[in-house]
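The following exercises concern the secondary structure elements of one protein chain. Please study the sequence and the structure before reading each solution.

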Amino acid sequence: AILANQISAGEVVERPASVVKELVENAIDAHSTEIDITVEDSGLKVIKVVDDGDGIDSSQVQTAFLRHATSKITEQRDLFRVRTLGFRGEALPSISSVSNVELKTSTGSVGTEVVFKGGKFISQQASESRKGTTVIVSSLFYNTPARLKYLSSPNTELSKISDIVNRLALSHPEVSFSFISNGRELLRTSGRGDLLQVLGAIYGVKTVSKMQPIKSKTPDISIDGYVSLPELTRSSRNYISLILNGRYVRNFPLTKSVINGYGSKLMIGRFPIAVVNISADPALIDVNVHPTKQEVRISEEPKIGGMLSNAIREMLADKQLIPDA
Ligand code: ADP
Ligand code: MG
């Protein structure tokens, strides 16, 4: 019962960005190499995610919309042991209960198309057979006016979607992403596994020459990524992305460790751009997770934080930009 609360349903679909996150994570879990995301009116009118992944067998499509029917975990500590991003089997049921969903999918042979409206099954029929899955979510929150009222301005909701897409793209440089909002392309990545290319696509090509690689390794933890030179800063710490075992996470102490690596003089009211991959044996780190799986507490925070700060100090020392502390 505790587990059921920890991974409770209501928080899965807080806003359009949460829908985008869940659909894209499903596409990543399905080994897609290309994921194309389209939204209209900040996702409230349409959210469309097209992938070229494994697809869903036609006999399993309706089951995917049943709550917990596809749950992959039985215990909380398993959360970071699962290799897939999804594990609760509640995204599709939750999303479909507050919107209209059309899902077309094929594992390569025959395809199938299923329609749900407000969580109710409407139809399933054979369809075209390109391998992969297309999910179209329309009229999000049409039947939950309270949710609609709680949303921020269209621009803010769009920037939250953009932020999620950017972080998913940074976590998966081996996947080619495109993101189009009201006909305007906001992101396109190559999918060639080049993290610097993704950084350039998101933060501008000019930033790329100012990003420096960092690396650090112990027997059970390894860190690598890119951080900006002190001359390239932003006014918010939002440009620091932490990826733990392939999953984008929020963690304040580790974010501070990145900033601290620069010393206090280099960063007064300014913050670096950083993308850091942290790989750790899941058995060695005790991770406590918020239902949306982003805010995590990690038992090895001090150790990982020290490694992060040191790696940045070393990079700065190499560049003769020695921090003051
Ligand atoms: P979870 O991701 O937690 O398993 P979801 O509700 O997000 O639960 O998805 C239910 C199931 O539907 C997934 O486990 C997966 O088998 C299937 N599925 C959903 N989206 C896709 C997709 N884009 N490609 C392949 N399978 C998918
Ligand atoms: Mg999922």
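**Exercise 1.** Which residue just after H6 takes a positive phi?

Solution. Gly-204, just after H6, has a positive phi of about 105°. Helices (H or I, at least four residues) and strands (E, at least two) are DSSP runs, numbered from the N terminus. This is a predicted model, in which local features need pLDDT of at least 70, side-chain atom pairs count only at pLDDT 80 or more, and totals for chains, interfaces and linings use all residues. Residues are numbered from 1 along each chain as its sequence is written, while chains are lettered from A and ligands numbered from 1 in the order in which they are written.

**Exercise 2.** Determine how the axes of H8 and H10 are arranged.

Solution. Step 1: the axes, lines fitted to C-alpha atoms over the stretch in contact, belong to H8 (residues 252-260) and H10 (residues 301-318); they come within 8 Å and cross at roughly 25°, on a scale from 0 to 180 degrees between N-to-C directions. Step 2: H8 is therefore roughly parallel to H10 (angles under 35 degrees count as such).

**Exercise 3.** Describe the pairing of E7 with E8.

Solution. Step 1: strands pair if DSSP finds at least two bridges between them. Step 2: E7 (residues 176-181) and E8 are joined by four bridges in the antiparallel sense. Step 3: Phe-179 stands opposite Leu-187 in E8.

**Exercise 4.** State the strand order of the open sheet of eight strands.

Solution. Step 1: the order is E5-E4-E3-E6-E2-E1-E7-E8, with mixed pairing. Step 2: E5 (120-127) and E8 are the edge strands, each pairing on one side only. Step 3: the twist averages 10° from one strand to the next.

Note on methods: Parallel < 35°, antiparallel > 145°, perpendicular 65-115°, else oblique.
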